[in-house]
Amino acid sequence: MGDKGFVGTRGRVVAAGAVALLLAGCGGGGGGGDGKAAALDKGQVASVLPDAKAVPGWRNYMKPEAQKPVPDYPPTVCVARTKEQRDTACAPVTSWGVSAFVRKADATTLNFWTLAYKDEKAADAAYDVLIKWYGGDRVGQNAEKVEIGSPGAEREANRAAVGTMAGPATIAQIRVGTTVLGISTGTTGKAVVPDKEVKAFAAMFAERAQQAQNGEKPSAALPAS
């Protein structure tokens, strides 16, 4: 994959299946705050992850794929500081998956991940743990809040001028019912992914998660540019 990795925590390299990943928002609110909170199976988790049709203008280099956690090996996108926190956020994960994109014009990466739980209570507890890792300045020093509206039941987004790819980076986390969603962007260049775009990614992703929990096939997508 080269340098087209997940952007988030500084200097941490992880693996998702056989692919090495370096971890690192439609406008308005997204679904999830008032909808159903059904548990999702592996197939539904995969369907929540945006594909090429959902994110026009970006090249999909990691197609949506979900898997069940392997005992003793938590999902690589589930990161916590202590064993107790990992037991709360990672051990209860029922299925998880990722999809990833790149925009050639400026070598910007766009990554999505989903962690599914058996119920809303477990997802809520996991969100509280994971935001301690993905929130605040974990995207880079002197990170600032990004306004993404009100997708899901809980949400936070931050941007730093310098992330793991040496350029601007963002990380957003959203809880929609029984799922915790993550979005990251990063670049080796200087172009910032605008707030309105991060907001659109978040709204679209949250809506897809809510559609799945409503028993529907996720169809939310960004408008073609």
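These are my notebook entries on strand S9, its partner strands and helix H4.

**Ground rules.** I am working with a predicted model, where local features need pLDDT of at least 70, side-chain atom pairs count only at pLDDT 80 or more, and totals for chains, interfaces and linings use all residues. Residues are numbered from 1 along each chain as its sequence is written, and side-chain values use heavy atoms, with hydrogens and water left out.

**Strand S9.** I began with residues 179–186, which make up S9 (strands are DSSP runs of E, at least two residues, numbered from the N terminus). Eight of its eight residues are buried (under 20% relative accessible area, 1.4 Å probe, protein chains only). I then checked the two faces: Thr-179, Leu-181, Ile-183 and Thr-185 are buried on one side, and Val-180, Gly-182, Ser-184 and Gly-186 are buried on the other.

**Its partners.** Which strands pair with S9? I count a pair if DSSP finds at least two bridges between the strands. S5 (residues 108–116) runs antiparallel to S9 over eight bridges, with Trp-113 opposite Gly-182. S8 (residues 169–176) is also antiparallel to S9, joined by eight bridges, and here Ala-172 faces Ile-183. S8 and S9 make a hairpin with two residues between them; Gly-177 in that turn has a positive phi of about 55°.

**Helix H4.** Next I looked at residues 195–213, helix H4 (a DSSP run of H or I, at least four residues). Its end C-alpha atoms lie 27 Å apart, which agrees with the 27 Å expected for 19 residues (1.5 Å times one less than the number of residues). Of those 19 residues, 14 are buried. Gly-215 follows H4, with a positive phi near 85°.

Notes:
Buried means under 20% relative accessible area, exposed over 50%, partly exposed in between (1.4 Å probe, protein chains only).
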